[in-house]
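Student: Could you take me through the helix packing in this model, slowly and with the residues named? I would also like to hear about the ligand surroundings and any unusual backbone spots along the way.

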Amino acid sequence: MKIAILPGDGIGPEIVSQAVKVLNALGETFEMETAPVGGAGYEAKGHPLPEETLALAKAADAVLFGAVGDWKYDTLERPLRPEQAILGLRKNLGLFGNLRPAILYPELAGASTLKPEVVSGLDILIVRELTGDIYFGQPRGVRECPDGPFKGQREGFDTMRYAEGEIRRIAHVAFQAAQKRGKRLTSVDKANVLETFQFWKDIVTDVHREYPDVALDHMYVDNAAMQLVRAPKKFDVIVTGNMFGDILSDAAAMLTGSIGMLPSASLDANNKGLYEPSHGSAPDIAGKGIANPLATILSAAMMLRYSLNRAEQADRIESAVKKVLAQGLRTPDIYQEGTTKVGTAQMGDAVVAAL
Ligand code: NAD
């Protein structure tokens, strides 16, 4: 199994090295090769996604990514900015399926803005289609309004569209993810108003015939938004389009109140994926040894589960993370009175010890 390690900028190298330490402690041999990306890629090779880095990512079975970006690159022209690296990787690797779990460990229930009884023990997964929908549909732009009461005025317009194959492949990702969890899938749409999402609902229903072991239900996006803050624990896996997923996954992430804890995965059609924490490069705390490495360590666990077919090893890492939290160890971002404050490397060491 070959893993491309792309630490990136800011806290990226500090947190990725902890995840590598944890992978090395599993007692398996992974081939790991590191390459620069983002600002580090620009410094080393003059481009945020150097050719060698992209070639390594393509050749690997999975990519473990830290974070990219720093204010010092803000004056570069857009194609050379660090954030372009992640867009380039998504496009070149065909990563259309975004998996974002929102997990709230009972020990951290106080970090959420919701009542502890509503969110404690929360464990849901949002599967967001990443490369289609109204964000990419053509035509789009500003034109003269052709009819209606505002005829002749300027109007902005976009095109919402999904091809059948695009819906089928994200539905397969979602059903398979549900099979690896609680075997329940909620497809979120707006079929009562939008043709695109009536079509989405029909195709997801059709794909369901291949996954009889998974229970499928459908929910309108407005109701899903309400249920996410009312009773989020009733969900297992949610699948939805690019725009609805963009909004719902951020809302779900904030249920947990701790950005340093949330992993993510972006998958292609063969379950090859890029794994990264949901947060950015946190330049404000880079180099201080206080960043929370758990989102990256949990991203490595997702990599083992979804791309490397090592579900048992993924379980081991997730249990080890639970154990260090139960021991009361906290990096400053999740620190509460009565717990023990530790740094980035100490947290990584504690997860290794718990393994
Ligand atoms: P950010 O997520 O980097 O930081 C937001 C806040 O959360 C900061 O106060 C930071 O210190 C804190 N934080 C983030 N991760 C943490 C961790 N692991 N442990 C403890 N605290 C943590 O978002 P931002 O400040 O808006 O962006 C900083 C840079 O990151 C920008 O250049 C942005 O473009 C980039 N960014 C990159 C990615 C990515 O690489 N995928 C995603 C988002 C933002």
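Tutor: Happy to! Let us begin with helix H8 (residues 221-230) and helix H9 (residues 242-256), whose axes lie 10 Å apart and make an angle of about 10 degrees. Angles under 35 degrees count as roughly parallel, and H8 and H9 are therefore roughly parallel to each other. On the H8 side, the contact is made by Val221, Ala224, Ala225, Leu228 and Val229. Their partners in H9 are Phe244, Leu248, Ala252 and Leu255. By residue type, the contact of H8 with H9 divides into nine nonpolar, no polar and no charged residues. Please keep in mind throughout that this is a predicted model.

Now set that beside another pair, helix H6 (residues 164-179) and helix H7 (residues 195-208). Here the packing angle is about 50 degrees, and the axes are 9 Å apart. Because of that angle, H6 is oblique to H7. The two helices cross in a right-handed sense. From H6, the contact draws on Glu164, Ile167, Arg168, Ile170, Ala171, His172 and Phe175. Facing them in H7 are Phe199, Trp200, Ile203, Val204, Asp206, Val207 and His208. The contact of H6 with H7 holds nine nonpolar, two polar and three charged residues. If you want to pick these out by eye, Glu164, Arg168 and Asp206 are charged, while His172 and His208 count as polar.

The third pair brings together helix H1 (residues 12-24) and helix H10 (residues 294-306). Their axes are 8 Å apart, at an angle of about 45 degrees. That angle makes H1 oblique to H10, and the crossing of H1 past H10 is right-handed. H1 contributes Ile15, Val16, Gln18, Ala19, Val22 and Leu23 to the contact. H10 answers with Thr296, Ile297, Ala300, Met303 and Leu304. Sorted by type, the residues of the contact of H1 with H10 are nine nonpolar, two polar and no charged. The polar ones are Gln18 and Thr296.

Next, the ligand. There are 20 residues around the ligand, and Glu83, Gly280, Ala282, Asp284 and Asn292 come nearest. Three of these offer a polar atom that you may like to check in your viewer. Glu83 places a polar side-chain atom 2.6 Å from an oxygen atom of the ligand. With Asp284, a polar side-chain atom again lies by a ligand oxygen atom, here at 2.9 Å. Ala282 takes part through its backbone, where a polar atom is 2.8 Å from an oxygen atom of the ligand.

Finally, look at the loop between strand S5 (123-129) and strand S6 (141-144), where Pro139 lies. The peptide bond from Gln138 to Pro139 is cis, with omega near 0 degrees. Asp133 is found in the loop between S5 and S6 too. Phi of Asp133 is near 75 degrees, a positive value in a residue other than glycine. So that loop gives you two backbone spots to inspect, the cis peptide bond before Pro139 and the positive phi of Asp133.

Note on methods: Residues are numbered from 1 along each chain as its sequence is written. This is a predicted model: local features need pLDDT of at least 70, side-chain atom pairs count only at pLDDT 80 or more; totals for chains, interfaces and linings use all residues. Side-chain values use heavy atoms; hydrogens and water are left out. Axes are lines fitted to C-alpha atoms, for helices over the stretch in contact, and angles run from 0 to 180 degrees between N-to-C directions. Helices (H or I, at least four residues) and strands (E, at least two) are DSSP runs, numbered from the N terminus. Angles under 35 degrees count as roughly parallel, over 145 as roughly antiparallel, 65 to 115 as roughly perpendicular and the rest as oblique. A crossing is left-handed if the near helix is turned anticlockwise from the far one by less than a right angle, and right-handed if clockwise. Contact means heavy atoms within 4.5 Å. A residue is near a molecule or strand if one of its heavy atoms lies within 4 Å of it. A polar contact is a pair of N or O atoms within 3.5 Å; within protein, one must be able to donate a hydrogen and the other to accept it, and residues adjacent in sequence count only if both atoms are side-chain atoms.
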